[in-house]
Amino acid sequence: MAKRLSRSGNGNGNGNGDGHRSPSERLSEVGEKVRSSQAWTSIFRPGSIFRKGYTDSPRNRSYVIMNSLLYHLHPVKVKRHAVKVSYTLCLGGLSFFLFIILTLTGIFLMFFYRPTAAQAWNDIRTLETSVTFGLLVRNMHRWAAHLMVISVFLHMSRVFYHGAYKPPREFNWVIGVVLLTLTLLLSFTGYLLPWDQLALWAVTVGTNMMGYTPVFGSQVKFVLLGGAEIGTDTLLRWYVLHVLLLPFVIVIFMAIHFWRVRKDGGLSGPL
Amino acid sequence: MTEVPEHLLRRSKERRAALGLPVPGEPDAGGGPAEASPAVAGDPDKIPPHLLARSQAAGAASPAPAAAAAAAGGGGTAVATAPAPVAKGPEGHTQRLLTVVKAGSIQDVRATPTDKVHVWPHLLIGEFVACMAMSAFLLVFSALVNAPLLASANYNFTPNPSKAPWYFLGLQELLTMFHPMIAGVTIPGIGIFALMLAPFSDKNPSNKPEDRKFAIALMTLFLMFWGVLVIIGCFFRGPGFNFTFPWKDGVFFDL
């Protein structure tokens, strides 16, 4: 870091020095002062690479994990077999990554979408034809959603075939099944939102099935549709489920899931 | 060991000659001033003789005049006057065994060393590559293949066939065989519940494939059952949800 600072100092040197020190020296002095200031040290925790730079040492390798909100979901060290891609196939991590992509692209789509029967389809059409990157982002959202269903499903299969649901991981397996169900529900609620023929009739098939729930069938259907049949109320209801309620719930369950992975001893051992 | 410089060797030789120590191992009563200690001479195997001689010589060198005078009297008195060269135990040992503590009685010795690696860089690199590969694939695929957007929703026109999303097509397939309450609610409900109960109903503690043939067979059967139903629902169902071959009548399926 000091090297980079001094190099840029040479570039900026325009006779500002007091005659005794070269501009690069003055600049590195300023850099030193900034990095030892209270403001700087309050932002960057001890061991941060922005304090003393990064040199490869076991201590700094630990600090990389401990000083990052995102990375510290990991432990500092893992068993060697857990690093092998052929063991986990990255499926759980990729499911989470797809969820992040879906969140980001979904926020973008929300700027151009109104969940009413009169406007929804036209908004999607406008998004595709006259919004910069609108078509690309919608495609990404759609394909990432299908990929997430597949990757969550494959993740569940992988965990089963490794016997990784056995004690002490029974509870995390149950959480995982809930996450699979929530993923399917998120995908299904999003299916209605384009409000085209595919959406309308797929959801008609789906909600008709749920209407056959024993005892409460018609009530379940009424609650899901927001009325006797699919309409603009259904669209609003499923929109709120899709962009707010289900993501909120799935994030809570994901937090428990990741936390329990750590608490139950990390990834399970090899076969 | 490095070589001892020549001048030091020479100096040591001179010093030895001055002290009368040509052969260190042999007790020479006449030569050294404090040489004739019977206790020391009797135990030559406890401390190497040349070391003993050297330390005695060093001890004798400082109080040289007094020691020399005392040494003239006889061998017995020299013991009292010469300073003890080394602190010794009863049998000439320089340390004593106080007690023996067996490992494991007060320490918790864990004989399970785990082979661990740092998450950074070993795991994070892999995760980064996986994320980048997934992003690249998604971006390219999205640039090439458009998400379907059919005509605007129309209550008065039912597409033939109407299909649920692909992951529910297994259930829709079951609808052709069972009452909707069985196919749409009971079977998927039992399926999800059975999945949740897997760790509690599978009491087999082993996770080796050869020990859990039944569990693996059951799960494979379960997954293949759904997989086959979904594939049939996606590609082998045409107008009226009747069975067709995709290569004969085309594919009636939107993702």
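**Fold, interface and backbone of a two-chain predicted model**

Me: What percentage of the 271 residues of chain A count as buried?
Reply: A residue is buried if 20 or more other C-beta atoms, placed from the backbone, lie within 10 Å of its own, exposed if 12 or fewer, and partly exposed in between. This is a predicted model, in which local features need pLDDT of at least 70, side-chain atom pairs count only at pLDDT 80 or more, and totals for chains, interfaces and linings use all residues. Residues are numbered from 1 along each chain as its sequence is written, with chains lettered from A and ligands numbered from 1 in the order in which they are written. For the 271 residues of chain A, the buried share is 32%.

Me: How many helices and strands does chain A have, and what is its radius of gyration?
Reply: Helices (H or I, at least four residues) and strands (E, at least two) are DSSP runs, numbered from the N terminus. Chain A has 13 helices and one strand, in the order α-α-α-α-α-β-α-α-α-α-α-α-α-α. The globule rule, 2.2 Å times the number of residues to the power 0.38, gives 18 Å for 271 residues, and chain A is well over that, so it is more spread out than a compact globule. Taken over C-alpha atoms, its radius of gyration is 26 Å.

Me: Which element of chain A gives the most residues to the side that touches chain B?
Reply: Two residues are in contact if their C-beta atoms, placed from the backbone, lie within 7 Å. On that basis, 66 residues of chain A are in contact with 59 residues of chain B. Elements giving two or more residues to this side of chain A include helix 5 (58-66), strand 1 (77-79) and helix 8 (120-130). The most, 13 residues, come from helix 9 of chain A.

Me: Which residue of chain B stands opposite A:K79?
Reply: Two strands pair if DSSP finds at least two bridges between them. Strand 1 of chain A and strand 1 (residues 116-118) of chain B run antiparallel and are joined by three bridges. Opposite A:K79, in strand 1 of chain B, stands B:K116.

Me: At which residue does helix 8 of chain B bend?
Reply: The bend at a residue is the angle between axes fitted to the seven residues ending there and the seven starting there. In helix 8 (residues 180-201) of chain B this angle is about 35°, and the proline B:P199 follows within four residues. Buried residues of this helix, among them B:P199, pack against helix 10 and helix 11 of chain A together with helix 7 of chain B. The bend is at B:L195.

Me: Is A:W195, with its positive phi, buried or exposed?
Reply: Most residues other than glycine have a negative phi, and most peptide bonds are trans. A:W195, in the loop between helix 10 and helix 11 (197-210) of chain A, has phi near 60°. A:L89 also has a positive phi, about 60°, and counts as partly exposed because it has 15 C-beta neighbours inside 10 Å. With 27 such neighbours, A:W195 counts as buried.

Me: Which residue precedes B:P161 across a cis peptide bond?
Reply: In chain A, the bond from A:P167 to A:P168 is cis, with omega near 10°. B:P161 is in the loop between helix 6 (119-144) and helix 7 (169-175) of chain B. The cis bond leading to B:P161, with omega near 0°, starts from B:N160.
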